[in-house]
Amino acid sequence: MSRLKRMSGELHTDVMANPPEDLPVLVIDGASFSDLAGFAREFSRLLCHHTWRGNLDAFNDILRGGFGTPENGWVLKWLDSESSRTTLGYEATIGWLEDVLLTCHPTNRPQVEARIVQARRGEGPTLFDQIVEIIRYHGPGGPESEDGVHLDLR
C-alpha cells in the first residue's frame, strides 16, 4: 500500500504519473457498476474469451495471465475509482463475507466471522481494498511483478 497516503482523514490513491507508454491500457469505469457482480462484468468485458464471475482467488489467477489479458504487461486504468471505493466499501464487504461464510470450509468460519464483525465496525480491508491489493501484487514492487500489471486509479 505504498501508494496510499492520508489526506483529510481518508485514504486516497495517487494517480499513476507516467504509465508505461508501450503497454496496452485497459479501462474500467467505476460509474458503470454498483456491486461486486457489476465490477466482475465490467472487468470481464476486458478479457478475450473468458468471463470472471467475482471470485477473488480467480481474479488473482487471471492477473497472472493466460485468461485474455495482454501478454507482457498492461495498464489497468480505473476511472471513477473513488465511486468504486464506496460501492465496494464496508456494506458490500459484509454481504460478500456473509456469502463466503455459507460456503467456506468449517475451519475458516471463525476468521470469516471475525472479519464480518470488523467490517460492521467500519474497520479492516474492504472489497475495494482487497481488489486493489490483488492488482498491486502483480505490479511494480509486488511479489508477482513479472506479470506487469500497472494500476492507474483515477
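What share of the contacts in the chain with a separation of 6 or more comes from residues 24 or more positions apart? The answer is 61%. Keep in mind that this is a predicted model. The chain has 154 residues, and buried ones make up 42% of them. Its secondary structure adds up to six helices and five strands, and if you walk along the sequence you meet them in the pattern β-β-β-α-α-β-α-α-α-α-β.

**Helices H4 and H5**

- Let's start with H4, which covers residues 90-103, and H5, which covers residues 109-120: their axes come within 9 Å and cross at roughly 160°.
- That angle makes H4 roughly antiparallel to H5, and the crossing of the two is left-handed.
- On the H4 side, the residues that meet H5 are Tyr90, Thr93, Ile94, Trp96, Leu97, Glu98, Val100 and Leu101.
- On the H5 side, the partners are Arg109, Val112, Glu113, Arg115, Ile116, Ala119 and Arg120.
- Sort the residues of this contact by character and you get nine nonpolar, one polar and five charged.

**Helices H2 and H6**

- H2 and H6 also have their axes 9 Å apart, and they pack at an angle of about 25°.
- That makes H2 roughly parallel to H6, and here the crossing is right-handed.
- H2 brings Leu56, Phe59, Asn60 and Leu63 to the contact, while H6 brings Leu127, Gln130, Ile131, Ile134, Ile135 and Tyr137.
- The residues of this contact divide into eight nonpolar and two polar, with no charged ones.

**A closer look at H6**

- H6 is largely enclosed by the rest of the structure, because nine of its 11 residues are buried.
- The buried residues of H6 are Leu127, Phe128, Asp129, Gln130, Ile131, Val132, Ile134, Ile135 and Arg136.
- Take Gln130, which sits in H6, the helix of residues 127-137: its relative accessible area is 14%, so it counts as buried.
- Setting aside neighbours within four places in sequence, Gln130 is in contact with Leu56, Trp96, Arg115 and Pro125.
- Three of the helices already described turn up among those partners of Gln130: Leu56 is one of the H2 residues that meet H6, Trp96 belongs to H4, and Arg115 belongs to H5.

**Aromatic rings**

- The structure holds nine aromatic pairs.
- One of them is stacked: the rings of Phe39 and Phe43 have centres 6.3 Å apart and planes at 25°.
- Phe39 and Phe43 are four residues apart in helix H1, residues 36-44, so about one helical turn separates them.
- Both Phe39 and Phe43 are buried.
- Phe39 also pairs with Phe59, this time edge-to-face, at 6.1 Å centre to centre with 70° between the planes.
- Phe39 is in H1 and Phe59 is in H2, residues 56-63, so this pair ties together parts that are 20 residues apart in sequence.
- How buried are these two partners? Phe39 has a relative accessible area of 0% and is buried, and Phe59, at 0% relative accessibility, counts as buried too.
- Phe33, Phe39, Phe43, Trp52, Phe59, Trp78 and Phe128 form one aromatic cluster.
- Two members of that cluster have already come up in the packing of H2 and H6: Phe59 is one of the H2 residues meeting H6, and Phe128 is among the buried residues of H6.

**Two residues with distant partners**

- Ser81 is in helix H3, residues 81-87, and with a relative accessible area of 4% it is buried.
- Ser81 and Asp29 are 52 residues apart in sequence, but 7.6 Å apart in space, C-alpha to C-alpha.
- Leaving out neighbours within four places in sequence, Ser81 is in contact with Phe128, Leu153 and Arg154.
- Pro70 lies in the loop between H2 and strand E4, which is 74-79.
- Pro70 is partly exposed, with a relative accessible area of 24%.
- The C-alpha atoms of Pro70 and Val25 are separated by 9.3 Å, with the two residues 45 apart along the chain.
- Again leaving aside neighbours within four places in sequence, Pro70 is in contact with Pro24 and Leu26.

Methods
Residues numbered from 1 in each chain as written. Predicted model: local features only at pLDDT ≥ 70, side-chain atom pairs only at ≥ 80, totals over all residues. Heavy atoms only, no water. Axes fitted to C-alpha atoms, helices over the stretch in contact; angles between N-to-C directions. Parallel < 35°, antiparallel > 145°, perpendicular 65-115°, else oblique. Left-handed = near helix turned anticlockwise from the far one by under 90°. Contact = heavy atoms within 4.5 Å. Nonpolar A, V, L, I, M, F, W, Y, C, P; charged D, E, K, R; others polar. Phe/Tyr/Trp six-rings, centres within 6.5 Å; stacked < 30°, edge-to-face > 60°. Buried < 20%, exposed > 50% of the residue type's maximum accessible area, 1.4 Å probe, protein only.
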